[in-house]
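Hi,

Here is the structure I promised to send over. Have a look at it first, and then read my notes underneath.

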Amino acid sequence: MPSDDPVMLRLPVHWESWVTFALGLGVFPTGGYLLLRGLDEPSILLGVIGVVLALLGFPLLAFSGREVFRRPRLHAGTLVLPRTFHRSRNVPLEQISGVGLLYEIGGPRAGWSMRIWLADGNTYGIDSVRSYARGKRPAQQPPPPEGTPRWHRPRLDWGAQARTPAGRAALAVTRQVLAVQGTAGVLATSMDQCFAPSFETYLAYWSPDGQIGWLGGDDLPTDGELPIAVD
């Protein structure tokens, strides 16, 4: 990264990533030890258990290790997104057309996670920056899309998400993108985070400008201004 593009912020890592890494750090070496014991004795049972534990522990270490030690970085003009087995992706801030959180109902990590959109149509998820905060259910919260399971109905509390590390990260990225693009830039004019396709996986969105709502549904009232006072 050029020296004239300094790091402004290292985006936060959810505590679950640290727990997963610690688990992998214990499981993988244990599997290797049991495998060696099984080959040395020899014992088919120990060998099989060792192989299973090693196979379970390696992906835990690989993916959570990347999230813990290769955190996304916000530079003055670039957002750097590490990838597990590839070089980091450098995203110019001038190309970002959307920043926000999406509530994902599928997969093992159901909850709010950070996502960015580019003017060329590409979009990238930042899974390590996520939130499980519930917050309060506003009295005027609109109903979710028809057919949504009751256990997959997040509370549309903008402030609760803004106070999480994930919300603060999205606000920080948004401020810097606006500083680079200006108020007439593609982020301010497109706001792609408010119009993301659902794909029957993403249920709701959270936008740094104060908006929150169901994807493809009704939104909560908002003044439409970026609440920059949130720390």
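Below is what I found in it, going from the overall picture down to single side chains.

First, a caution: this is a predicted model. The mean pLDDT is 83, with 87% of the residues at 70 or more. Where is confidence lowest, and where is it highest? Helix 2, covering residues 44–69, sits at the bottom with a mean of 81, while helix 4 (residues 165–181) comes out on top at 95. Keep that in mind for helix 2, as several of the details below involve residues there.

On the fold: there are five helices and nine strands. Reading from the N terminus, the order is β-α-α-β-β-β-β-β-β-α-α-α-β-β. The protein has 231 residues, and 44% of them count as buried. If you take the contacts between residues at least 6 apart in sequence, 57% of those join residues at least 24 apart. As for the surface, about 12300 Å² is exposed, and carbon and sulfur atoms supply 59% of that.

One bit of the surface you may want to colour in your viewer is a nonpolar patch. Which residues form it? They are I44, V48, V52 and L56, and together they have about 400 Å² of accessible area. V52 belongs to helix 2. Its relative accessibility is 43%, so V52 counts as partly exposed, a class that runs from 20% to 50%.

Now the aromatics. How many aromatic pairs are there? The count is three. One of them is F28 with F58, a tilted pair with 6.2 Å between the ring centres and 50 degrees between the planes. F28 is in helix 1 (residues 15–40) and F58 is in helix 2, so this pair ties together parts that lie 30 residues apart in sequence. Both rings belong to partly exposed residues: F28 has a relative accessibility of 34%, and F58 has a relative accessible area of 47%.

Another of the pairs is Y103 with W112, which is edge-to-face, at 5.5 Å centre to centre and 70 degrees between the planes. Are these two residues buried or exposed? Y103 is buried, and W112 is buried as well. That sets them apart from F28, which is partly exposed at 34%.

That's it from my side; shout if anything looks odd when you open the file.

Cheers

Terms used:
Residues numbered from 1 in each chain as written. Predicted model: local features only at pLDDT ≥ 70, side-chain atom pairs only at ≥ 80, totals over all residues. Heavy atoms only, no water. pLDDT = per-residue confidence, 0-100. Helix = DSSP H or I, 4+ residues; strand = E, 2+ residues; numbered from the N terminus. Buried < 20%, exposed > 50% of the residue type's maximum accessible area, 1.4 Å probe, protein only. Contact = heavy atoms within 4.5 Å. Areas by Shrake-Rupley, 256 points an atom, 1.4 Å probe, with all protein chains shown as cover. Patch = residues over 30% accessible without salt bridge, like charges linked within 9 Å, V, L, I, M, F, W, Y side chains within 5 Å. Salt bridge = Lys/Arg side-chain N within 4 Å of Asp/Glu carboxyl O. Phe/Tyr/Trp six-rings, centres within 6.5 Å; stacked < 30°, edge-to-face > 60°.
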